[in-house]
Amino acid sequence: MPLPLPLPKPIREIGRKRINRAPSPLLAVAVPWLVVMAGSLSPMWPVIASAPILPPIGFLMLVAWEQLRPGILPVWAGLPLGLFDDLYSGQPLGSAILLWSIAVILLDFVETRFPWRGFALNWLFASAVITAYLFLAQALAQPGGVGVPLAILPQLGISLLLYPLIARLVALFDRFRLMPVREA
Amino acid sequence: MAPTGSRRPGHSRRAQYGTFLNYSLAVAGAAAGGALLLVVASDATAFSGLRGAATDLAAPAGEVGAGARAESQGLLLTLGAYFTKGSRVAQLEREVAQARVRLVEAEALHEENRELRALLKLSQSDPKPIASARLIGSSASSTRRYATLGVGSLQGVAPGMPVVSPLGLVGRVLEVGRSSARVLLITDSQSIIPVRRASDGTVALAVGHPDGTVQLKLQSLGVNPLRAGDAFVTSGSGGLFRPGIPFAVVARPTRDGAIARPLSDPAATDFVIVEPQWDEAGLDSTLPAPAGGQ
């Protein structure tokens, strides 16, 4: 039985023709940047917190992309992405530029040094990077270093537990990124 | 995943230079971040225009989220209220009866206050609010405590203005964009607010804690007179905040003050009000200038 309304052509053809199709180069390049930037916008989410509880979503996504697809973000990606994060995060401007740049260089080093990693090792490396990031960001945010490091412990726990979930989400976006949409 | 070997691109000089340039840029980026941090450390208001513009761009999305937040919280509260309905209704009725008595007393006091002020020829100047708006976001993943407000310089908001909710003081405006503003919440560690105990006027300074409480530091040394449950309001000294805005309730006394819980939970408030700065609100025009200034 035919549908009462003809669906648009791209929708009708989903799953029908996968041969002779190629991913869109625009999507393939832009999606990692956009996903990390969307994560950086988390301070605009409808959560008004009186204590730091929300994990640094943008940073978690950056780490996940670096681990899933090493080299898909250039090694200098910490500069533009960190700048964008600084505009919204409430940290002093420059803190994410510095820490994200160092994190990308570090993850690149880990990639060349320990190329064969499983889930557990990835999580371990990511946990180390996230822990260092949260404590350093806290130190940079409190001028004079008069912070209460204990205040970020709940946030740290949530971040470490959430990381595998973020990595799955990034893997989903990676599939979306490489969806064959364009006629080759 | 198999090693990609992107660091050693082969014999092509061009590819080798490209790789080298990438790493140089990465290190330069980190250095630039450090330099920016130094600039910001010397001048905290640097780049506030850039941030304001960025927040203006994202503000419409935040407005949508803020509406959803208010609705979902209302729904959850309604659902939760069903489970404790009977006992709560009885308790609330008792409290309403008490509150009615208090209200009459307060009205009498208000009237007396007005007469006394008239005797002293002080003008009753409740500041006219500048704007009311929603909090559309907060720095929930940073240890600094900022919130974003959905009004800006177009609505007359300027840095330094107090932001209050019906429950109490929320913070003060720090940076202003055209249609959004950043609010320094009272729980930020850089926020220092002069307060006094509502019952007897014991003065203290309230410093924010990153974990969502405020620390009260008493001005006078000696035996700590604070007890859990003491209510504090702003004292109005130093300008900026008008006296008598509800502020916090002592949670537990410490050696030289107390840890207090702010009365206004920014997460639970739907709309907040931006008030003019207190020193501009006309107090100094009705009072004689303090003697012995310079």
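Begin by selecting the whole of chain B in this predicted model, where buried residues make up 32% of the 294 residues. Coloured by secondary structure, chain B shows 4 helices and 12 strands, and among its contacts between residues at least 6 apart in sequence, 58% join residues at least 24 apart. If you then colour by the domain assignment, domain 1 of chain B covers 84–124 and domain 2 of chain B covers 131–279, with the C-alpha centres of these two domains lying 24 Å apart.

**Strands 3, 4 and 12 of chain B**

Within chain B, select strand 3, residues 162–165, which is covered on both faces. Pro162(B) and Val164(B) are buried on one side of strand 3, while Val163(B) and Ser165(B) are buried on the other. This two-sided listing can be read with the general rule that in a regular strand the side chains alternate between the two faces of the sheet.

Now add strand 4 of chain B, residues 168–176, which runs antiparallel to strand 3 of chain B and is joined to it by 4 bridges. The two form a hairpin with 2 residues between them, and Val164(B) stands opposite Leu169(B) of strand 4. Which residue of strand 12 of chain B stands opposite Val164(B)? Select strand 12, residues 271–274, which pairs with strand 3 of chain B in the antiparallel sense over 2 bridges, and you will find Ile273(B) opposite Val164(B).

**Strands 8, 10 and 11 of chain B**

Move next to strand 11 of chain B, residues 257–262, which is joined by 4 bridges to strand 8 of chain B, residues 214–218, the two running antiparallel. Here Val214(B) stands opposite Ala260(B) of strand 11. Strand 11 of chain B is also joined by 6 bridges to strand 10 of chain B, residues 246–254, again in an antiparallel arrangement. Strands 10 and 11 of chain B form a hairpin with 2 residues between them, and in this pair Pro253(B) stands opposite Ala258(B) of strand 11.

**Where the chains meet**

Show both chains together and select the residues in contact between them, which are 51 residues of chain B and 51 residues of chain A. On chain B, helix 1 (13–42), helix 2 (48–83), strand 1 (131–138) and strand 2 (146–149) each supply at least two residues of the side that touches chain A. The largest share of that side, 13 residues, comes from helix 1 of chain B. Coloured by class, the side of chain B that touches chain A has 26 nonpolar, 18 polar and 7 charged residues.

**Chain A and its helix 7**

Select chain A, which has 7 helices and 2 strands, arranged along the sequence in the pattern α-β-α-α-α-α-α-α-β. Of its 184 residues, 45% count as buried, and among contacts in chain A between residues at least 6 apart in sequence, 72% join residues at least 24 apart.

Finish on helix 7 of chain A, residues 153–177, and set a distance between its end C-alpha atoms: they are 35 Å apart, which agrees with the 36 Å that its 25 residues should span at 1.5 Å a residue. Follow helix 7 of chain A to Tyr163(A), where a kink of about 40° lies shortly before the proline Pro164(A). Tyr163(A) is itself buried, and the buried residues of helix 7 also include Gln155(A), Ser159(A), Ile166(A) and Arg177(A). To see what covers them, display helix 2 (25–40), helix 3 (57–68) and helix 6 (119–141) of chain A, which are included in that cover.

Technical notes:
Residues numbered from 1 in each chain as written. Chains lettered and ligands numbered in written order. Predicted model: local features only at pLDDT ≥ 70, side-chain atom pairs only at ≥ 80, totals over all residues. Contact = placed C-beta atoms within 7 Å. Nonpolar A, V, L, I, M, F, W, Y, C, P; charged D, E, K, R; others polar. Buried ≥ 20, exposed ≤ 12 C-beta atoms within 10 Å, placed from the backbone. Domains from an automatic or database assignment. Expected span 1.5 Å × (residues − 1). Bend = angle between axes of the 7 residues up to and from the residue. Pairing = 2+ DSSP bridges.
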